[in-house]
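I opened my notebook to look this structure up piece by piece. I write down what I check, in the order I check it.

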Amino acid sequence: MDKGDNYEVKDISLAEQGMMNLEMAEARMGALLKVRERFEKEKPLDGIRVGMALHVTKETGILVRTLIAGGADVAITGCNPLSTQDDVAAALAKEGVKVWAYKGETNEDYYRYLNNVIEFKPHITIDDGCDLVSEIHKKHADMIPEIIGGCEETTTGIIRLNAMEKDGALKYPVIAVNDNKTKHLLDNYYGTGQSSLDGILRATNILFAGKNTVVCGYGSCGKGVATRATGLGANVIVSEVDNFRALQAALDGYRVMPMEEAAAIGDIFITVTGDKHVIRTEHIRKMKDTAVIANSGHFDCEIDVAGMKKASSSSRRVRQSLDEYVIDGKRIYLCGEGRLVNLAAAEGHPSEVMATSFCGQALAVEYLVKNKDSVKPGVIKLPDEIDDTIAGLQLDAMGIKKDELTEEQKRYLSSWEEGT
Ligand SMILES: NC(=O)c1ccc[n+]([C@@H]2O[C@H](COP(=O)([O-])OP(=O)(O)OC[C@H]3O[C@@H](n4cnc5c(N)ncnc54)[C@H](O)[C@@H]3O)[C@@H](O)[C@H]2O)c1
């Protein structure tokens, strides 16, 4: 571990590689660069301390640079023990950002680093999974009056925030960035769709064509995973608990069945539910020899890994990001220790998709600062106009032109008198 006054990273000499990866990301994040250009001129975040717990990836690095361009002081740690890109963490440290993160963090380091971000006394928190908000509310409630608000990146974080709000426990405003159309309908769908398969491929190099691929959860992420697996020639099976989503999966042409049935016929299993113990030992015992299991949901509780360990007669790491468990004489392969496979075994979402997600984060921070006197504690939505602006920025970045409503069409669409 390399330590400095304001950083703790795996290896500071990786900074040069990290800089090149940051350059690669920057080249594909045109929408976010537009926000950064404006931030540079207007400095809307002057004097604001932003504390972040996000996956420390090259795309997050560009968000950090954007917030700094806006005048903010930034401290960052990871939000998952296996998702940090060590070269990017080193590059950010070299740039003078306060960063504490490495891939393979112990639980102790994970919470120590979160605490470092909390000690930085952020005015704004940016979370992916709600650990920062949760730690602040549980252990540092005294600092809440100084906090303007927070931003949450993912579905699981929103589930936790909604639970906090319901309990009357949430004491500052948090913007549900995940709920932007330009976040969950793009990042969760296209991003998780592609990168989860990328993670499984890097861990196993398995052929998807012809494989029964069981997607657990048919939400924004599950739909993306199912589409991309179909694109690779897989026979997709969906497991769901929600009536409408199960119906949607069936009408989209997938076989829908309970995990108990799917377990026996699946070759590859991918959980993306945000729920706990979706794949349990009783399911794993039914699986075929050499079945592959992966999770792309936020926390590592979707697959009962502890139960799997207990049920196995032996286990070994067969290659990077792939563990083999022998259970009832069958070899079952677990990718990325059951942590989000796209970040544990690959590089997370492609930069293009993170550009719109992180425009959402940057503009949410600006919104909180601008409206600090009126925003109330609770989970709040970013106004639709901002979401729409982000989509426009991304269209521009992609060089795509669209139609505009004529005056006649505007009148027609806002009137009720005109019929057949
Ligand atoms: N890997 C990534 O980079 C990435 C990116 C975005 C979101 N996420 C995470 O992925 C998870 C899913 O996100 P989402 O936006 O798709 O959520 P979502 O709410 O849109 O969908 C989740 C679906 O899972 C279903 N579900 C819940 N429990 C289930 C069970 N026991 N069996 C089968 N289905 C079940 C729900 O009914 C729902 O349809 C969350 O944890 C989210 O934080 C990960």
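My entries below go from the ligand to a sheet and then to some side-chain contacts.

**Entry 1: the model**

I note at the start that this is a predicted model. I keep that in mind for every distance I write down.

**Entry 2: around the ligand**

I began with the ligand. Which residues come nearest to the ligand? I found Thr154, Thr155, Thr156, Glu240 and Arg245, out of 27 residues around it.

Next I looked up distances to oxygen atoms of the ligand. The side chain of Thr154 has an N or O atom 2.6 Å from a ligand oxygen. Cys221 uses its backbone instead: an N or O atom there is 2.9 Å from an oxygen of the ligand. His298 also offers a backbone N or O atom, at 3.0 Å from a ligand oxygen.

Then I checked how covered the ligand is. On its own the ligand exposes 860 Å², and the protein buries 87% of that.

**Entry 3: who builds the shell**

I sorted the shell by residue type. I got 16 polar residues, six charged and five nonpolar.

I then asked which helices take part. Helix H7 (155-166), helix H8 (181-204) and helix H9 (220-231) each give at least two residues to the shell. Which element gives the largest share? That is H8, with four residues.

I checked the domains too. Domain 1 (2-179 + 349-397) and domain 2 (190-339) each supply at least three residues of the shell.

**Entry 4: a sheet of eight strands**

I moved on to a sheet. This open sheet has eight strands with mixed pairing. I wrote the order down as S11-S10-S9-S12-S13-S16-S15-S14. Strand S11 (255-256) and strand S14 (314-319) are at the edges; each has a single partner strand, so one side of each lacks a neighbour in the sheet.

A reminder to myself: strands of a sheet pair through backbone hydrogen bonds, in a parallel or antiparallel way.

I followed some of the pairs along the sheet:

- Strand S12 (residues 268-271) pairs with strand S13 (residues 291-295) in the parallel sense, over four bridges. Ile270 has Ala294 in S13 as its bridge partner.
- S13 also runs parallel to strand S16 (residues 330-335), joined by three bridges. Here Ile293 is matched with Leu334 in S16.
- Strand S15 (residues 322-327) and S16 are antiparallel, with six bridges. Asp323 has Leu334 in S16 as its bridge partner.

So what joins S15 to S16 along the chain? I found a hairpin with two residues between the strands. Asp328 sits in that turn and has a positive phi of about 50°.

**Entry 5: charges that pair**

I counted salt bridges next. How many does the structure hold? The count is 32. Side chains of opposite charge can pair when their charged atoms come close.

I picked one pair to look at. Glu347 and Arg202 form a salt bridge through their side chains, at 3.1 Å from N to O. This pair links distant parts of the chain, 145 residues apart. Glu347 is in the loop between helix H14 (341-344) and helix H15 (351-370), while Arg202 is in helix H8.

**Entry 6: a histidine in H8**

I stayed with H8 for my last check. His184 lies in this helix. What lies 3.0 Å from a polar atom of the His184 side chain? I found the backbone oxygen of Asn178. I also found the backbone oxygen of Asn180, again at 3.0 Å.

Technical notes
Residues are numbered from 1 along each chain as its sequence is written. This is a predicted model: local features need pLDDT of at least 70, side-chain atom pairs count only at pLDDT 80 or more; totals for chains, interfaces and linings use all residues. Side-chain values use heavy atoms; hydrogens and water are left out. A residue is near a molecule or strand if one of its heavy atoms lies within 4 Å of it. A polar contact is a pair of N or O atoms within 3.5 Å; within protein, one must be able to donate a hydrogen and the other to accept it, and residues adjacent in sequence count only if both atoms are side-chain atoms. Accessible areas come from the Shrake-Rupley method with a 1.4 Å probe; for residues, only the protein chains shown count as cover. Ala, Val, Leu, Ile, Met, Phe, Trp, Tyr, Cys and Pro count as nonpolar, Asp, Glu, Lys and Arg as charged, and the others, Gly among them, as polar. Domain bounds come from an automatic or database domain assignment. Two strands pair if DSSP finds at least two bridges between them. A salt bridge is a side-chain nitrogen of Lys or Arg within 4 Å of a carboxyl oxygen of Asp or Glu.
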